[in-house]
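Notebook open, coffee poured. I'm going to look up the empty space, the core and a couple of polar side chains, in that order.

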Amino acid sequence: MDDKVDRLRSVQIKLMEILDFLSNYLPLVNCHSNDFILNNHWDKILTEPIRKELDSLSACDLVSLLNQTKTIEDKRPDKKLTKEFDPSLWKFECDYLEKASNSTDRRGDIYSSEMQTIPPNWVHENLQSLLQDAQRCSLQNSDILSSLEDLNSDMKTLPQDRVFISTFMNHKKTHEVEVMGELCYKLSRKHDIDVVVDLGSGKGYLSTHLAFQHKLSVIGVDAQTINTKGASKRADILSRQWEGLTRNEILRAQNTIPGKLGKKKKKELKKIECAGGFIQKEDNEKSSDVISDIPDDLFNDFSNFFEEQKKSENGNTNSEKDERLDLNLSSQIQEILCIPTKKILSGQVEANDSDVVKVKEESKFGYSDRASVERPVKKNTKSSALKANHFPITTYINIDSDLSEIVREALTLKSSQPETGSTSVENTGEMSTEPTVTTGLPIDSSSTESSAIKEKSRLMLTGLHTCGALGSNILRLFVNSPNVKVLCNVACCYHLMSEKFVASPFEEKEDAVEEAGFPLSEFLKRNKVGIGRQARNLASQSVNRRAQDTEVLAKQFPRMLLQVILRDQLGYVRSDWKGLRKLDQKSQGMFDYVIRAFRKLELPTDGITEELVDSYCQKYEDQKKKFAAFFQLKTVLAPCIEAVVVLDRLCFLLEQECVQDVKLIQLFDPVTSPRCYGIVSVKK
């Protein structure tokens, strides 16, 4: 208990140190980039010495600013925040937020035109001193972080080596799922977890990995039906491919080109699979013992397909396209993996009523105009057994959600369904079946019994990049749900959550009544701490990725120039003008962008000519370099803002009586996956 109290105090002192530093610069991190030219941020926000320093830096020097935030020699805090200091005596003071105060605790006008022109309280006279304090206030240079190696050493008796299946995942997602999947598996074994609940599961990357690779019973929960259907479809495809994919990975590990497998080679692979820990039946006694077995001739064709797919993935440089799951391939894969119906109908494969499902005959142009013909397809019982551990459902999760009831009903419905598919949990808590295109089959009864939840099952909550409010609500659910024993979460999109003491410029009135995502801890609530939406948006920037860039670009320049044109042509600029995001990327030059923007906002374009737009581009050309330097300076403070959000969550968990242990860990490589900090917590 003393250790927990000491850790709580250390986190509080670190929060005080960071907030005392940041409180002076909240006007800087909350000024809107779109208004850089409009409000003359260069002259009004920056002091003359800072402007001169930034103006003298080359593009290479500007990049090096971010590299200097990674390491620090002196980690000592300010003198007033020594170990003898009492956190209960600290008071958060910020003149900027006080000026935005209204009759309530919420600072509602922080983004008003008047507030946007208030300069920061510059306590640093040069860039070097600012960088040093920014370094000291980042998580990377704090003593709060625990290492993944230390956490793994506590569970070193568990099997380590296993083949990782990365099909349909890009490099970023592969890295995240492999690291977090292994950690979740070890935590579940150490703490005797019965069911893992993956909140914000999306297309099921993590949940299918935990269910198929680690044989854990996993409930994948997402608020959007399209994601749940995608997860279900992905699970269908992977379950049919799993044995072949596993063998393929073993062959690659042996530097063997996958091809036609003889009986001798298959026997050798089976021995390797069992002895090497690649497929371990003893991994989890609560789930299925059976893994799907793909026939030799099917695996042979199938392996060549994925060799080509692997080359395609490696050559793909478009990150947005790479993120999406290409389910259009599913019909091709299913053709390869399903037993040909001609063989069944001709008697080459014997089929009986208990081993077949009925499908509609489909021509290459869609469903046949003829009456539907029912054709028997051999049931893949091992594929069904593999999917018996995976339960994708659609429901919106909030702090009042009853996880035990959701899990119980999900598994009950799963076991009673004639086909596996996505299910939907309405906000009322009632379950209903969603119509889903799926090739799933009835669950094997023995698998269902092994996966069925008991009255007092031990649950683990996990989430890979839980977005916005879900990042804070998952912590509340962990604390308030008696059956949940372990938490493993990595959050993202800090700008999409709400604050208790600072209103968002896009916040609707009804949003204010919802439980705020920041601050969570009583320590920061007592001090009425606020940071602002633009600051939280900045915290989502990747300092490590920007530090990898060879040049600094002012990508927001078209939008900044548009603000000036709107003001000059109309005499005003409205804060509720929306829908212009990424419009410049679809435009053929600045003139086309301005015309598109005016039409999008339903404004007249009579006075907009190509000559007019060109004159604005020439007039403000020098603002490109200034904004690039300005934004680079703001980005230096991004890790400090992220540290406040993450440490507030850590502080919240340490404040809870039911929590036994909490660790903050850098799980991922920050260049590959910028939101890399994970919180692992265990209840008493």
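How much space lies in the largest cavity? I get about 230 Å³. Before going on, a note to self: this is a predicted model, where local features need pLDDT of at least 70 and side-chain atom pairs count only at pLDDT 80 or more, while totals for chains, interfaces and linings use all residues. I number residues from 1 along each chain as its sequence is written, and side-chain values use heavy atoms, with hydrogens and water left out.

**Cavities.** My rule: on a 1 Å grid over the protein atoms alone, a cavity is a set of points where a 1.4 Å probe fits but cannot get out, and lining residues have an atom within 4 Å of a point. Points are joined across faces, edges and corners, and the volume is the space filled by probe spheres set on them. I count eight cavities of 30 Å³ or more. The largest is lined by 20 residues, with Q140, N544, P639, E642 and Y677 the closest to its centre. Two elements, α23 (543-546) and α28, each give two or more residues to that lining (helices are DSSP runs of H or I, at least four residues; strands are runs of E, at least two; both numbered from the N terminus). The largest share, four residues, is from α28. I sorted the lining by class: ten nonpolar (Ala, Val, Leu, Ile, Met, Phe, Trp, Tyr, Cys and Pro), seven polar and three charged (Asp, Glu, Lys and Arg), with the others, Gly among them, counted as polar.

**Core.** Which residues touch the most other members of the largest nonpolar core? L54 and L461 do, out of 165 residues. Helix α28 (residues 638-655) turns up again, giving the largest share of this core, 13 residues. Such a core joins buried Ala, Val, Leu, Ile, Met, Phe, Trp, Tyr and Cys through side-chain atoms within 4.5 Å. I skipped neighbours within four places in sequence and found L461 in contact (heavy atoms within 4.5 Å) with residues including V197, L403, F478 and C488.

**Polar side chains.** H390 sits in strand β7 (residues 390-394). H390 counts as buried because its relative accessibility is 2%, and the cut-off is under 20% (exposed is over 50%, partly exposed in between, 1.4 Å probe, protein chains only). Its side chain makes a polar contact with that of S207 at 3.4 Å (N or O atoms within 3.5 Å, one able to donate a hydrogen and the other to accept it; residues adjacent in sequence count only if both atoms are side-chain atoms).

S472, in helix α20 (residues 469-480), is buried too, at 1%. A polar atom of the S472 side chain lies 2.9 Å from the backbone oxygen of A469. Leaving aside neighbours within four places, I list G517, L520 and R649 as contacts of S472.

How values were computed:
1 Å grid on protein atoms, 1.4 Å probe; cavity = no way out; pocket = protein on both sides within 12 Å on 5 of 7 lines; lining within 4 Å.
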